Amino acid sequence: MSLRSLFTTGLLAAGALAAPPGYGNTVTVTVTEKASCSASVSPTSHSTSTSTTNHGNTHSPWHYPGHSSSSTKTSISSKASTSASSASKTSATSSATSPTSSAKSSSVVPVTTTTSSLATTAATTTILATATATNYGLNDAAKAAGKLWFGTALDVPGTGEAQDPYYIAEFDNIHDFGEATPANIMKYEFTEPEAGVFNYTGAEEFFTAAAGKAVRCHNLIWSSELPTFITNPTVNWTNATLTAALRRHVTTLVEHFGDRCYSWDVVNEAFSDNPAGAYAANIWYDTIGPAYVVEAFQAATDAVRANNLAVKLYYNDYNIEFLGNKSYAAQALVKDLHNRNIQIDGVGLESHFIAGETPSKAAQQANMEAFTALGVDVVVTELDVRLNLPPTVATEAQQVVDYYNTVAACVAVPRCVGIVVWDFDDTYSWIPGTFPGQGYGDLFLQPNGANTPLVRKAPYDGVLEALTGAPEAL
(Lines give C-alpha, C1' and ligand atoms only; values in the text may rest on other atoms or scores of the structure.)
Protein backbone atom coordinates (compact mmCIF):
# COMPACT_ATOMS: atom_id res chain seq x y z
CA MET A 1 0.00 0.00 0.00
CA SER A 2 1.31 3.40 -0.93
CA LEU A 3 0.75 5.90 1.87
CA ARG A 4 1.45 9.08 0.05
CA SER A 5 -0.16 12.10 1.50
CA LEU A 6 0.79 12.57 5.15
CA PHE A 7 2.13 16.09 5.03
CA THR A 8 1.55 19.20 7.05
CA THR A 9 -0.72 21.54 5.12
CA GLY A 10 -1.16 24.43 7.50
CA LEU A 11 -3.88 26.72 6.22
CA LEU A 12 -5.02 24.59 3.32
CA ALA A 13 -7.50 27.12 2.05
CA ALA A 14 -4.53 29.12 0.86
CA GLY A 15 -2.40 26.28 -0.41
CA ALA A 16 -4.42 23.12 -0.93
CA LEU A 17 -3.57 22.74 -4.58
CA ALA A 18 0.16 23.21 -4.37
CA ALA A 19 2.67 20.41 -3.95
CA PRO A 20 4.08 20.45 -0.42
CA PRO A 21 7.74 20.99 0.35
CA GLY A 22 9.64 17.77 -0.14
CA TYR A 23 7.16 16.50 -2.73
CA GLY A 24 8.01 12.97 -3.80
CA ASN A 25 10.07 12.22 -0.72
CA THR A 26 9.16 10.12 2.29
CA VAL A 27 7.98 12.09 5.29
CA THR A 28 8.32 10.45 8.70
CA VAL A 29 5.85 11.52 11.37
CA THR A 30 6.01 10.17 14.90
CA VAL A 31 2.56 9.92 16.45
CA THR A 32 2.26 9.70 20.23
CA GLU A 33 -1.22 8.58 21.21
CA LYS A 34 -2.61 9.53 24.60
CA ALA A 35 -5.75 8.61 26.47
CA SER A 36 -8.59 10.79 27.59
CA CYS A 37 -11.35 9.68 29.89
CA SER A 38 -13.13 12.99 30.24
CA ALA A 39 -16.62 13.83 29.05
CA SER A 40 -17.65 17.43 29.42
CA VAL A 41 -21.27 17.04 28.28
CA SER A 42 -24.15 14.94 29.45
CA PRO A 43 -24.68 12.44 26.66
CA THR A 44 -27.30 9.96 25.70
CA SER A 45 -26.29 6.34 25.39
CA HIS A 46 -26.83 4.31 22.29
CA SER A 47 -26.13 0.60 22.11
CA THR A 48 -24.68 -1.16 19.11
CA SER A 49 -24.93 -4.91 18.89
CA THR A 50 -22.33 -7.19 17.37
CA SER A 51 -22.83 -7.93 13.70
CA THR A 52 -21.94 -11.17 11.99
CA THR A 53 -21.11 -9.45 8.74
CA ASN A 54 -17.80 -8.01 7.64
CA HIS A 55 -18.07 -4.42 8.73
CA GLY A 56 -17.74 -2.14 11.73
CA ASN A 57 -20.32 -2.09 14.49
CA THR A 58 -21.32 1.48 14.08
CA HIS A 59 -23.84 4.07 15.08
CA SER A 60 -24.43 7.77 15.30
CA PRO A 61 -24.49 8.76 18.98
CA TRP A 62 -23.79 12.07 20.64
CA HIS A 63 -21.02 13.42 18.47
CA TYR A 64 -19.15 15.77 20.77
CA PRO A 65 -15.50 14.88 21.39
CA GLY A 66 -14.81 13.28 24.73
CA HIS A 67 -18.20 11.63 25.07
CA SER A 68 -18.08 8.23 26.71
CA SER A 69 -21.01 5.93 25.99
CA SER A 70 -21.10 3.11 28.51
CA SER A 71 -23.69 1.16 26.55
CA THR A 72 -21.76 1.11 23.31
CA LYS A 73 -20.37 -2.30 22.34
CA THR A 74 -17.86 -3.18 19.69
CA SER A 75 -16.44 -6.43 18.39
CA ILE A 76 -12.93 -4.94 18.27
CA SER A 77 -10.97 -5.20 21.50
CA SER A 78 -9.48 -2.00 22.87
CA LYS A 79 -5.70 -2.02 22.70
CA ALA A 80 -4.89 1.49 23.82
CA SER A 81 -6.58 4.70 24.78
CA THR A 82 -6.86 7.61 22.45
CA SER A 83 -5.84 11.19 22.10
CA ALA A 84 -8.71 12.91 20.41
CA SER A 85 -9.93 14.79 23.46
CA SER A 86 -9.74 18.51 22.93
CA ALA A 87 -10.44 19.25 26.58
CA SER A 88 -7.36 21.48 26.90
CA LYS A 89 -6.81 23.77 23.99
CA THR A 90 -4.11 26.28 23.26
CA SER A 91 -4.88 29.70 21.86
CA ALA A 92 -4.27 30.33 18.19
CA THR A 93 -0.83 31.76 17.52
CA SER A 94 -0.77 31.80 13.74
CA SER A 95 -2.34 34.14 11.23
CA ALA A 96 -5.06 32.77 8.97
CA THR A 97 -3.53 34.34 5.90
CA SER A 98 -0.48 32.34 4.96
CA PRO A 99 0.07 28.59 4.76
CA THR A 100 2.70 26.81 6.77
CA SER A 101 4.32 23.46 6.28
CA SER A 102 6.54 21.51 8.61
CA ALA A 103 6.76 18.43 6.39
CA LYS A 104 10.25 18.66 4.92
CA SER A 105 12.24 16.16 2.96
CA SER A 106 13.75 13.60 5.33
CA SER A 107 12.51 15.58 8.35
CA VAL A 108 10.98 14.12 11.48
CA VAL A 109 8.05 15.98 13.00
CA PRO A 110 7.45 15.13 16.67
CA VAL A 111 3.72 14.90 17.26
CA THR A 112 1.91 15.77 20.46
CA THR A 113 -1.76 16.00 21.30
CA THR A 114 -3.87 18.01 23.71
CA THR A 115 -5.43 15.84 26.39
CA SER A 116 -7.33 16.09 29.64
CA SER A 117 -5.73 15.81 33.05
CA LEU A 118 -6.77 12.16 33.06
CA ALA A 119 -4.65 11.38 30.03
CA THR A 120 -2.02 8.67 30.11
CA THR A 121 0.61 8.08 27.50
CA ALA A 122 0.29 4.97 25.37
CA ALA A 123 2.67 3.49 22.83
CA THR A 124 4.34 5.55 20.14
CA THR A 125 4.18 4.57 16.51
CA THR A 126 5.79 5.94 13.38
CA ILE A 127 3.68 6.43 10.28
CA LEU A 128 5.51 6.64 6.95
CA ALA A 129 3.98 8.37 3.98
CA THR A 130 5.13 9.94 0.74
CA ALA A 131 3.63 13.33 0.00
CA THR A 132 2.30 13.88 -3.50
CA ALA A 133 0.98 16.78 -5.51
CA THR A 134 -2.78 17.25 -5.70
CA ASN A 135 -4.20 18.84 -8.83
CA TYR A 136 -7.52 19.46 -7.11
CA GLY A 137 -9.34 18.65 -3.91
CA LEU A 138 -11.96 16.12 -2.89
CA ASN A 139 -14.98 18.26 -3.75
CA ASP A 140 -13.55 19.17 -7.14
CA ALA A 141 -12.88 15.51 -7.85
CA ALA A 142 -16.33 14.46 -6.67
CA LYS A 143 -18.03 16.92 -8.98
CA ALA A 144 -15.79 15.84 -11.85
CA ALA A 145 -16.97 12.28 -11.13
CA GLY A 146 -20.60 13.35 -11.53
CA LYS A 147 -21.40 13.76 -7.81
CA LEU A 148 -23.01 16.82 -6.29
CA TRP A 149 -20.33 17.34 -3.65
CA PHE A 150 -17.87 15.93 -1.17
CA GLY A 151 -18.79 17.17 2.28
CA THR A 152 -18.23 17.00 6.01
CA ALA A 153 -20.13 17.18 9.26
CA LEU A 154 -19.00 19.72 11.81
CA ASP A 155 -20.02 20.76 15.32
CA VAL A 156 -20.60 24.49 14.98
CA PRO A 157 -21.62 25.90 17.36
CA GLY A 158 -20.90 23.86 20.45
CA THR A 159 -17.22 22.91 20.32
CA GLY A 160 -13.90 24.61 19.68
CA GLU A 161 -14.07 24.03 15.92
CA ALA A 162 -15.38 27.50 15.11
CA GLN A 163 -12.56 29.11 17.11
CA ASP A 164 -9.81 27.02 15.50
CA PRO A 165 -8.48 29.07 12.55
CA TYR A 166 -6.69 26.12 10.98
CA TYR A 167 -9.74 23.89 11.19
CA ILE A 168 -12.02 26.59 9.77
CA ALA A 169 -9.56 27.40 6.98
CA GLU A 170 -9.70 23.80 5.81
CA PHE A 171 -13.48 23.60 6.20
CA ASP A 172 -13.74 26.76 4.08
CA ASN A 173 -11.58 25.16 1.39
CA ILE A 174 -14.25 24.72 -1.27
CA HIS A 175 -11.88 22.51 -3.28
CA ASP A 176 -12.23 19.87 -0.56
CA PHE A 177 -15.69 20.46 0.94
CA GLY A 178 -18.79 21.56 -0.96
CA GLU A 179 -21.33 20.30 1.57
CA ALA A 180 -21.82 20.65 5.33
CA THR A 181 -23.90 18.62 7.80
CA PRO A 182 -24.76 19.93 11.28
CA ALA A 183 -23.56 17.19 13.62
CA ASN A 184 -25.85 18.20 16.49
CA ILE A 185 -27.26 21.70 16.46
CA MET A 186 -30.39 21.00 14.37
CA LYS A 187 -31.51 18.03 16.45
CA TYR A 188 -34.74 18.09 18.45
CA GLU A 189 -33.38 19.19 21.84
CA PHE A 190 -31.68 22.22 20.31
CA THR A 191 -34.39 23.35 17.90
CA GLU A 192 -37.44 22.76 20.12
CA PRO A 193 -36.18 22.76 23.71
CA GLU A 194 -39.68 23.36 25.09
CA ALA A 195 -43.01 22.26 23.68
CA GLY A 196 -43.90 24.60 20.85
CA VAL A 197 -40.94 26.89 21.59
CA PHE A 198 -38.44 26.83 18.73
CA ASN A 199 -34.86 28.04 18.89
CA TYR A 200 -32.98 28.59 15.63
CA THR A 201 -30.01 30.53 17.02
CA GLY A 202 -27.51 27.68 16.83
CA ALA A 203 -28.77 26.52 13.46
CA GLU A 204 -28.39 30.02 12.05
CA GLU A 205 -24.81 30.14 13.31
CA PHE A 206 -24.19 26.86 11.51
CA PHE A 207 -25.67 28.19 8.25
CA THR A 208 -23.43 31.23 8.53
CA ALA A 209 -20.37 29.00 8.90
CA ALA A 210 -21.53 26.85 5.99
CA ALA A 211 -22.19 29.75 3.61
CA GLY A 212 -21.61 28.73 0.00
CA LYS A 213 -22.01 25.02 0.68
CA ALA A 214 -24.97 22.69 0.31
CA VAL A 215 -26.41 21.63 3.67
CA ARG A 216 -27.84 18.22 4.57
CA CYS A 217 -30.05 19.11 7.51
CA HIS A 218 -29.78 16.49 10.27
CA ASN A 219 -32.16 15.34 11.78
CA LEU A 220 -35.88 15.64 12.51
CA ILE A 221 -36.87 12.50 14.43
CA TRP A 222 -34.43 10.30 16.35
CA SER A 223 -34.41 8.42 19.64
CA SER A 224 -31.57 10.48 21.15
CA GLU A 225 -30.86 14.15 21.88
CA LEU A 226 -34.49 14.77 22.74
CA PRO A 227 -35.76 17.55 25.03
CA THR A 228 -37.02 16.62 28.47
CA PHE A 229 -40.61 17.49 27.59
CA ILE A 230 -40.49 14.52 25.21
CA THR A 231 -38.54 12.08 27.37
CA ASN A 232 -40.07 13.04 30.73
CA PRO A 233 -43.53 14.53 30.09
CA THR A 234 -45.64 15.91 32.91
CA VAL A 235 -48.54 13.88 31.51
CA ASN A 236 -47.88 10.52 29.92
CA TRP A 237 -47.95 10.54 26.16
CA THR A 238 -50.68 8.83 24.19
CA ASN A 239 -50.47 7.80 20.56
CA ALA A 240 -52.46 10.89 19.56
CA THR A 241 -50.60 13.45 21.68
CA LEU A 242 -47.09 12.26 20.80
CA THR A 243 -48.02 12.02 17.12
CA ALA A 244 -49.19 15.63 17.29
CA ALA A 245 -45.89 16.69 18.88
CA LEU A 246 -43.93 14.80 16.24
CA ARG A 247 -45.88 16.36 13.39
CA ARG A 248 -45.53 19.85 14.86
CA HIS A 249 -41.76 19.51 15.11
CA VAL A 250 -41.30 18.10 11.61
CA THR A 251 -43.67 20.55 9.95
CA THR A 252 -42.24 23.60 11.68
CA LEU A 253 -38.59 22.84 10.87
CA VAL A 254 -39.21 21.84 7.25
CA GLU A 255 -41.21 25.02 6.68
CA HIS A 256 -38.80 27.29 8.56
CA PHE A 257 -35.59 26.21 6.82
CA GLY A 258 -37.23 25.46 3.48
CA ASP A 259 -34.87 25.07 0.56
CA ARG A 260 -31.87 26.24 2.57
CA CYS A 261 -31.60 22.52 3.26
CA TYR A 262 -30.55 20.35 0.34
CA SER A 263 -32.20 17.50 2.23
CA TRP A 264 -33.54 16.48 5.63
CA ASP A 265 -32.80 13.23 7.42
CA VAL A 266 -36.45 12.90 8.38
CA VAL A 267 -36.04 9.77 10.50
CA ASN A 268 -32.71 8.62 11.87
CA GLU A 269 -31.86 5.06 12.94
CA ALA A 270 -35.34 3.56 13.30
CA PHE A 271 -34.17 -0.04 12.92
CA SER A 272 -32.47 -2.31 15.43
CA ASP A 273 -29.51 -4.65 15.16
CA ASN A 274 -31.03 -7.16 17.57
CA PRO A 275 -32.78 -8.61 15.78
CA ALA A 276 -31.51 -6.91 12.66
CA GLY A 277 -34.27 -5.15 10.79
CA ALA A 278 -36.76 -4.97 13.65
CA TYR A 279 -37.88 -1.55 14.84
CA ALA A 280 -35.72 -0.25 17.66
CA ALA A 281 -37.40 0.45 20.98
CA ASN A 282 -37.61 4.19 21.75
CA ILE A 283 -40.14 6.76 22.93
CA TRP A 284 -41.62 7.06 19.43
CA TYR A 285 -41.96 3.35 18.73
CA ASP A 286 -43.07 2.45 22.23
CA THR A 287 -45.89 5.02 22.14
CA ILE A 288 -46.92 5.24 18.48
CA GLY A 289 -45.58 2.00 17.04
CA PRO A 290 -43.91 1.70 13.62
CA ALA A 291 -46.39 4.22 12.25
CA TYR A 292 -44.23 7.00 13.76
CA VAL A 293 -41.89 6.71 10.78
CA VAL A 294 -44.78 7.06 8.34
CA GLU A 295 -46.16 9.99 10.34
CA ALA A 296 -42.81 11.79 10.23
CA PHE A 297 -42.44 11.37 6.48
CA GLN A 298 -46.09 12.32 5.92
CA ALA A 299 -45.65 15.53 7.91
CA ALA A 300 -42.47 16.38 5.98
CA THR A 301 -44.18 15.57 2.69
CA ASP A 302 -47.17 17.76 3.54
CA ALA A 303 -44.86 20.67 4.41
CA VAL A 304 -42.88 20.26 1.18
CA ARG A 305 -45.99 20.14 -0.97
CA ALA A 306 -47.80 22.97 0.82
CA ASN A 307 -44.82 25.27 0.43
CA ASN A 308 -43.66 24.11 -3.01
CA LEU A 309 -40.24 23.19 -1.68
CA ALA A 310 -37.44 21.35 -3.46
CA VAL A 311 -35.87 19.93 -0.29
CA LYS A 312 -35.26 16.18 -0.44
CA LEU A 313 -36.38 13.76 2.26
CA TYR A 314 -34.09 10.96 3.45
CA TYR A 315 -34.06 7.98 5.78
CA ASN A 316 -30.65 7.65 7.50
CA ASP A 317 -29.17 4.64 9.34
CA TYR A 318 -26.06 2.60 10.15
CA ASN A 319 -25.43 -1.07 9.33
CA ILE A 320 -27.45 -0.72 6.14
CA GLU A 321 -24.32 -0.33 4.00
CA PHE A 322 -24.43 -3.98 2.93
CA LEU A 323 -27.24 -6.36 1.98
CA GLY A 324 -28.81 -7.95 5.05
CA ASN A 325 -31.92 -7.88 7.19
CA LYS A 326 -31.43 -4.29 8.27
CA SER A 327 -30.92 -2.96 4.75
CA TYR A 328 -33.87 -5.06 3.59
CA ALA A 329 -36.00 -3.38 6.25
CA ALA A 330 -34.92 0.02 4.95
CA GLN A 331 -35.76 -1.09 1.42
CA ALA A 332 -39.20 -2.18 2.61
CA LEU A 333 -39.69 1.24 4.20
CA VAL A 334 -38.90 2.96 0.90
CA LYS A 335 -41.44 0.76 -0.90
CA ASP A 336 -44.09 1.34 1.75
CA LEU A 337 -43.73 5.12 1.61
CA HIS A 338 -43.87 5.10 -2.16
CA ASN A 339 -47.00 2.95 -2.06
CA ARG A 340 -48.60 5.52 0.24
CA ASN A 341 -47.62 8.39 -2.09
CA ILE A 342 -45.39 9.79 0.64
CA GLN A 343 -42.18 11.50 -0.44
CA ILE A 344 -38.85 9.80 0.16
CA ASP A 345 -36.00 10.85 -2.10
CA GLY A 346 -33.03 9.03 -0.66
CA VAL A 347 -31.38 6.77 1.87
CA GLY A 348 -28.37 7.83 3.92
CA LEU A 349 -25.72 5.18 4.51
CA GLU A 350 -23.85 6.31 7.63
CA SER A 351 -20.72 4.21 7.01
CA HIS A 352 -18.98 4.39 10.38
CA PHE A 353 -16.49 1.57 9.83
CA ILE A 354 -13.63 -0.25 11.53
CA ALA A 355 -10.47 -0.76 9.48
CA GLY A 356 -10.42 -4.33 8.24
CA GLU A 357 -14.13 -4.88 8.89
CA THR A 358 -15.52 -2.60 6.20
CA PRO A 359 -17.72 -4.15 3.51
CA SER A 360 -15.97 -4.64 0.18
CA LYS A 361 -16.47 -2.26 -2.71
CA ALA A 362 -18.58 -4.89 -4.47
CA ALA A 363 -20.78 -5.43 -1.41
CA GLN A 364 -21.34 -1.70 -0.91
CA GLN A 365 -22.01 -1.11 -4.59
CA ALA A 366 -24.57 -3.94 -4.72
CA ASN A 367 -26.31 -2.51 -1.68
CA MET A 368 -26.41 1.00 -3.14
CA GLU A 369 -27.81 -0.37 -6.38
CA ALA A 370 -30.53 -2.24 -4.48
CA PHE A 371 -31.71 1.08 -3.03
CA THR A 372 -31.41 3.09 -6.22
CA ALA A 373 -33.38 0.41 -8.08
CA LEU A 374 -36.31 1.49 -5.90
CA GLY A 375 -36.15 4.98 -7.39
CA VAL A 376 -34.26 6.80 -4.63
CA ASP A 377 -30.82 8.34 -4.33
CA VAL A 378 -28.21 7.28 -1.81
CA VAL A 379 -25.60 9.33 0.01
CA VAL A 380 -22.67 8.18 2.13
CA THR A 381 -23.59 10.40 5.06
CA GLU A 382 -21.21 9.87 8.02
CA LEU A 383 -18.07 8.19 6.73
CA ASP A 384 -15.12 7.46 8.99
CA VAL A 385 -12.85 4.44 9.45
CA ARG A 386 -11.47 3.98 12.94
CA LEU A 387 -8.36 2.12 14.03
CA ASN A 388 -7.23 0.37 17.16
CA LEU A 389 -4.65 2.60 18.80
CA PRO A 390 -1.85 3.20 18.37
CA PRO A 391 -2.04 3.13 14.57
CA THR A 392 0.55 1.22 12.59
CA VAL A 393 1.68 1.32 8.99
CA ALA A 394 -0.31 -1.88 8.38
CA THR A 395 -3.56 -0.65 9.95
CA GLU A 396 -3.33 2.70 8.25
CA ALA A 397 -2.77 0.93 4.94
CA GLN A 398 -5.97 -1.02 5.56
CA GLN A 399 -7.73 2.21 6.46
CA VAL A 400 -6.78 3.68 3.09
CA VAL A 401 -8.22 0.62 1.32
CA ASP A 402 -11.45 0.87 3.31
CA TYR A 403 -11.92 4.56 2.56
CA TYR A 404 -11.13 3.89 -1.09
CA ASN A 405 -13.69 1.06 -1.35
CA THR A 406 -16.58 3.08 0.09
CA VAL A 407 -15.91 6.09 -2.11
CA ALA A 408 -15.26 3.95 -5.19
CA ALA A 409 -18.59 2.17 -4.65
CA CYS A 410 -20.37 5.52 -4.64
CA VAL A 411 -18.51 6.64 -7.75
CA ALA A 412 -19.68 3.48 -9.53
CA VAL A 413 -23.37 4.13 -8.76
CA PRO A 414 -24.83 7.11 -10.64
CA ARG A 415 -27.54 7.76 -8.06
CA CYS A 416 -25.05 7.84 -5.20
CA VAL A 417 -25.01 11.61 -5.30
CA GLY A 418 -22.37 12.46 -2.69
CA ILE A 419 -20.05 11.50 0.13
CA VAL A 420 -19.90 13.11 3.58
CA VAL A 421 -17.26 12.38 6.22
CA TRP A 422 -18.28 12.66 9.88
CA ASP A 423 -15.91 15.52 10.56
CA PHE A 424 -12.48 15.58 8.95
CA ASP A 425 -10.04 16.27 11.81
CA ASP A 426 -9.08 13.78 14.53
CA THR A 427 -8.89 16.59 17.08
CA TYR A 428 -12.69 16.89 17.02
CA SER A 429 -13.59 13.28 16.32
CA TRP A 430 -16.47 11.62 18.18
CA ILE A 431 -14.77 8.21 18.00
CA PRO A 432 -12.37 8.14 20.97
CA GLY A 433 -14.99 9.14 23.52
CA THR A 434 -17.39 6.48 22.29
CA PHE A 435 -14.99 3.65 21.47
CA PRO A 436 -12.14 3.77 24.01
CA GLY A 437 -8.92 2.48 22.50
CA GLN A 438 -9.95 3.42 18.98
CA GLY A 439 -9.59 6.56 16.93
CA TYR A 440 -7.40 8.08 14.19
CA GLY A 441 -10.43 7.76 11.92
CA ASP A 442 -10.49 11.00 9.95
CA LEU A 443 -8.75 12.44 6.90
CA PHE A 444 -6.72 15.07 8.79
CA LEU A 445 -5.03 15.48 12.14
CA GLN A 446 -3.43 18.30 14.07
CA PRO A 447 -0.11 16.92 15.34
CA ASN A 448 0.29 19.71 17.88
CA GLY A 449 -3.34 19.86 18.94
CA ALA A 450 -6.13 22.32 18.40
CA ASN A 451 -5.33 25.71 16.86
CA THR A 452 -2.27 24.37 15.05
CA PRO A 453 -1.64 23.35 11.42
CA LEU A 454 -3.42 20.33 9.98
CA VAL A 455 -1.78 17.23 8.50
CA ARG A 456 -3.40 15.61 5.50
CA LYS A 457 -3.40 11.87 6.25
CA ALA A 458 -2.92 8.91 3.94
CA PRO A 459 -6.67 8.15 3.54
CA TYR A 460 -7.10 11.53 1.86
CA ASP A 461 -5.21 10.19 -1.15
CA GLY A 462 -7.19 6.95 -1.05
CA VAL A 463 -10.39 8.97 -1.30
CA LEU A 464 -8.96 11.13 -4.07
CA GLU A 465 -7.87 8.06 -6.04
CA ALA A 466 -11.37 6.60 -5.76
CA LEU A 467 -12.96 9.85 -6.91
CA THR A 468 -10.64 10.17 -9.90
CA GLY A 469 -10.96 6.54 -10.93
CA ALA A 470 -7.35 5.71 -10.18
CA PRO A 471 -6.66 2.14 -9.01
CA GLU A 472 -5.70 1.90 -5.35
CA ALA A 473 -1.94 1.41 -5.22
CA LEU A 474 -0.74 -1.66 -3.36
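Here are two short exercises on helix packing and strand pairing, each with a worked solution.

This is a predicted model, with local features needing pLDDT of at least 70, side-chain atom pairs counting only at pLDDT 80 or more, and totals for chains, interfaces and linings using all residues. Residues are numbered from 1 along each chain as its sequence is written, and side-chain values use heavy atoms, with hydrogens and water left out.

**Exercise 1.** Work out how helix α12 and helix α14 cross.

- Start with the axes, which are lines fitted to C-alpha atoms over the stretch in contact, with angles from 0 to 180 degrees between N-to-C directions. Those of α12 (residues 393–412) and α14 (residues 458–468) come within 8 Å and cross at roughly 25 degrees.
- That makes α12 roughly parallel to α14 (angles under 35 degrees count as such).
- Next, look at who touches whom, with contact meaning heavy atoms within 4.5 Å. On α12 you'll find Y403 and Y404 among the residues involved, and on α14 they include P459 and L467.
- Sort the contact residues by type: eleven are nonpolar, two polar and two charged. Here Ala, Val, Leu, Ile, Met, Phe, Trp, Tyr, Cys and Pro count as nonpolar, Asp, Glu, Lys and Arg as charged, and the others, Gly among them, as polar.

**Exercise 2.** Place strand β8 among its partners, β7 and β11.

- Strands pair if DSSP finds at least two bridges between them. β7 (residues 214–221) runs parallel to β8 over four bridges, and I221 has V267 as its bridge partner.
- β11 (residues 312–317) also pairs with β8 in the parallel sense, over five bridges; N268 sits opposite N316.
- Now check burial (under 20% relative accessible area, 1.4 Å probe, protein chains only). Six of the six residues of β8 (residues 263–268) are buried, so the strand is largely enclosed by the rest of the structure.

Definitions and conventions
Helices (H or I, at least four residues) and strands (E, at least two) are DSSP runs, numbered from the N terminus. Angles under 35 degrees count as roughly parallel, over 145 as roughly antiparallel, 65 to 115 as roughly perpendicular and the rest as oblique. Buried means under 20% relative accessible area, exposed over 50%, partly exposed in between (1.4 Å probe, protein chains only).
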